[in-house]
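Reader: Please take a close look at one part of this model for me. I would like the open and enclosed spaces, and the residues around them, in short sentences.

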Amino acid sequence: MRTQVGIVGAGPAGLFLAHLLARRGIEAVVLEARSRAHVEARVRAGVLEAGTVDTLANLGLDGRMRREGMVDNGLDMRFRGRTIHLDLPALTGRSVMIYGQLEVVKDLIAARLEAGAPLVFEAEVTRLEGLDGARPRIHYRQGGIDRVLECDLVAGCDGFHGVSRAAVPEGVIETYSRAYDFSWLGVLAHAAPITDMTYSNHDRGFALCSRRSMTISRLYLQVPASDEPANWSDARFWDELHTRMFDADRSEIQEGEIFQRDVARLRAYIAQPMQYGSLFLAGDAVHIVPPAGAKGLNMAVADVRVLARAMGDFFSTGSRKGLERYTADCIDRVWKTIRFSISLTDLLHVFDHHTPFQRGLQMAELEHVASSVTAQKMIAEQYVGLSSVSD
Ligand code: RFL
Ligand code: PHB
């Protein structure tokens with residue numbers, strides 16, 4: 001098999017890239033290790049920045065999101081029983097969209113298959129070859145048979161544990177990382193959400209009340225790193241959430257059937273450069289953010305918008321200039337986004353190693369945000385998104 005761009009991975013990065021390339025008349029084959037059902041059942045992010053919404057709209061794939069998504073104008077932070085309300089349109093002129101990553105992925109898959117464009121499930125890439133030459137080859141295994149895809153360019157969109165980043169020779173990529181000794185327990189519940197997206201910093205730990213619709217809440221608790229969903233009965237979960245959200249009289253948060261739960265380890269990670277020869281890495285394959293701020297999915301989309309433009313120039317003019325600049329065009333945004341996610345994580349979580357002095361500083365910072373519109377603007381403008389890439 002031969003194509004112009006071989007895309008490894010059908011997460012948001014790979015799927016958005018495939019659509020952005022198709023719009024430019026560029027052929028791509030997407031190879032995905034897992035089944036369609038598996039990919040369409042992974043519950044992850046839920047907040048879309050304006051840039052991500054615009055990209056879906058430019059692709060003409062925003063129909064269901066406009067009908068079922070929820071425009072979100074507020075972001076609240078709680079501490080010491082008080083609430084700081086960030087009015088996003090007033091502070092930034094913009095808002096965000098609540099629409100699950102799961103739904104975005106379903107829409108992108110359906111549109112690609114309807115167009116008859118190549119997207120192969122249960123095709124696990126095992127090896128990348130010839131990345132330093134003009135004819136890279138992607139080796140993959142499908143239905144027990146080893147196959148090869150020849151292409152001009154390879155996009156490594158295979159997430160943190162994929163094979164693409166690992167295919168780059170040692171010494172080329174520098175990595176930077178930070179580990180956290182806690183995780184997020186996330187649940188979905190059939191329950192009406194509270195009024196605004198609300199983050200809380202309570203002495204017992206962080207909590208977050210988000211939503212997926214007017215009848216489904218997405219709720220998170222900070223838990224020890226190795227905790228497991230099975231340790232959390234419904235009763236234990238709700239007790240802890242009410243306490244950490246300062247809802248002791250249980251008047252605010254509505255309880256309902258919990259129908260999904262997962263535990264995600266927090267980490268921050270950057271690999272740079274984001275490219276080697278004819279391989280270009282995007283999304284979680286090349287950087288991971290802690291989830292506070294909901295940036296992971298949006299960063300992946302911002303990367304592939306830059307990459308699609310560079311690949312478009314290459315195939316239409318033969319110029320490699322845009323491709324060579326790919327890392328340079330992304331990396332400042334990536335560092336700024338990771339910095340924001342880490343600063344929000346530091347502001348809102350309880351750290352075992354914190355002394356009372358450090359806890360006092362954290363509370364002082366929240367007091368400052370509560371009293372300073374300038375401080376609120378700094379958070380709000382980063383939350384709605386720094387991406388200014390055009391498609
Ligand atoms: P993905 O979504 O991980 O997709 C990568 C795809 O590559 C496939 N793959 C392979 N395919 C072929 N051959 C191989 N050898 C392959 N190896 C892997 C995988 O099966 C998969 O389909 O990466 P992408 O596209 O870069 O998208 C990034 C986002 O998914 C990610 O940043 C966010 O979801 C991160 N994240 C969250 N972000 C938020 O903003 N808010 C959240 O609440 C949030 N929750 C989460 C998350 C990530 C999680 N992970 C990584 C486990 C919760 C979890 C549990
Ligand atoms: C979510 O709705 O899943 C969500 C919202 C805000 C975050 C992270 C996740 O910071």
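Author: What follows goes from the ligand to a cavity, then to a pocket, and ends with one histidine.

The model is predicted. Start with ligand 1. It has 29 residues around it. The closest are Glu32, Arg42, Arg44, Gln101 and Asp284. Three polar contacts can be given with distances. Arg42 places a polar side-chain atom 2.6 Å from an oxygen atom of ligand 1. Gln101 has an N or O atom in its side chain 2.7 Å from an oxygen atom of the ligand. Val125 uses its backbone instead: one of its N or O atoms there lies 3.0 Å from a nitrogen atom of ligand 1.

Now the enclosed spaces. Searching the whole structure gives 3 cavities of 30 Å³ or more. The second largest cavity holds about 60 Å³ of space. Which residues line this second largest cavity? They are Gly11, Pro12, Val39, Arg42, Arg44, Gln101, Leu102 and Val105. Arg42, Arg44 and Gln101 belong to this lining, and these three are also among the closest residues to ligand 1. Helix α6, residues 101–114, gives the most to the lining, with 3 residues. Sorted by class, the cavity lining has 4 nonpolar, 2 polar and 2 charged residues.

Next, an open space. The second largest pocket has a volume of about 280 Å³. Its lining counts 16 residues. Closest to the pocket centre are Ser343, Leu347, Glu365, Val369 and Ile379. Three elements each give two or more residues to this lining: α10 (326–348), α11 (356–371) and α12 (373–384). The largest share comes from α10, with 6 residues. By class, the pocket lining has 8 nonpolar, 5 polar and 3 charged residues.

Last, the histidine. His19 sits in helix α1, which spans residues 12–23. Is His19 buried or exposed? His19 is buried, because its relative accessible area is 12% and the cut-off for buried is under 20%. Which residues does His19 touch, leaving out those up to four places away in sequence? The contacts are Leu59, Leu61, Leu108, Ala111 and Arg112. Leu108, Ala111 and Arg112 are among these contacts, and they fall within the 101–114 range of helix α6. That helix thus appears twice here: in the lining of the second largest cavity, and among the contacts of His19.

Methods: Residues are numbered from 1 along each chain as its sequence is written. Chains are lettered from A and ligands numbered from 1 in the order in which they are written. This is a predicted model: local features need pLDDT of at least 70, side-chain atom pairs count only at pLDDT 80 or more; totals for chains, interfaces and linings use all residues. Side-chain values use heavy atoms; hydrogens and water are left out. On a 1 Å grid over the protein atoms alone, a cavity is a set of points where a 1.4 Å probe fits but cannot get out, and a pocket is an open set with protein on both sides within 12 Å along at least five of seven lines; lining residues have an atom within 4 Å of a point. Grid points are joined across faces, edges and corners, and a volume is the space filled by probe spheres set on the points. Helices (H or I, at least four residues) and strands (E, at least two) are DSSP runs, numbered from the N terminus. Ala, Val, Leu, Ile, Met, Phe, Trp, Tyr, Cys and Pro count as nonpolar, Asp, Glu, Lys and Arg as charged, and the others, Gly among them, as polar. Buried means under 20% relative accessible area, exposed over 50%, partly exposed in between (1.4 Å probe, protein chains only). Contact means heavy atoms within 4.5 Å. A residue is near a molecule or strand if one of its heavy atoms lies within 4 Å of it. A polar contact is a pair of N or O atoms within 3.5 Å; within protein, one must be able to donate a hydrogen and the other to accept it, and residues adjacent in sequence count only if both atoms are side-chain atoms.
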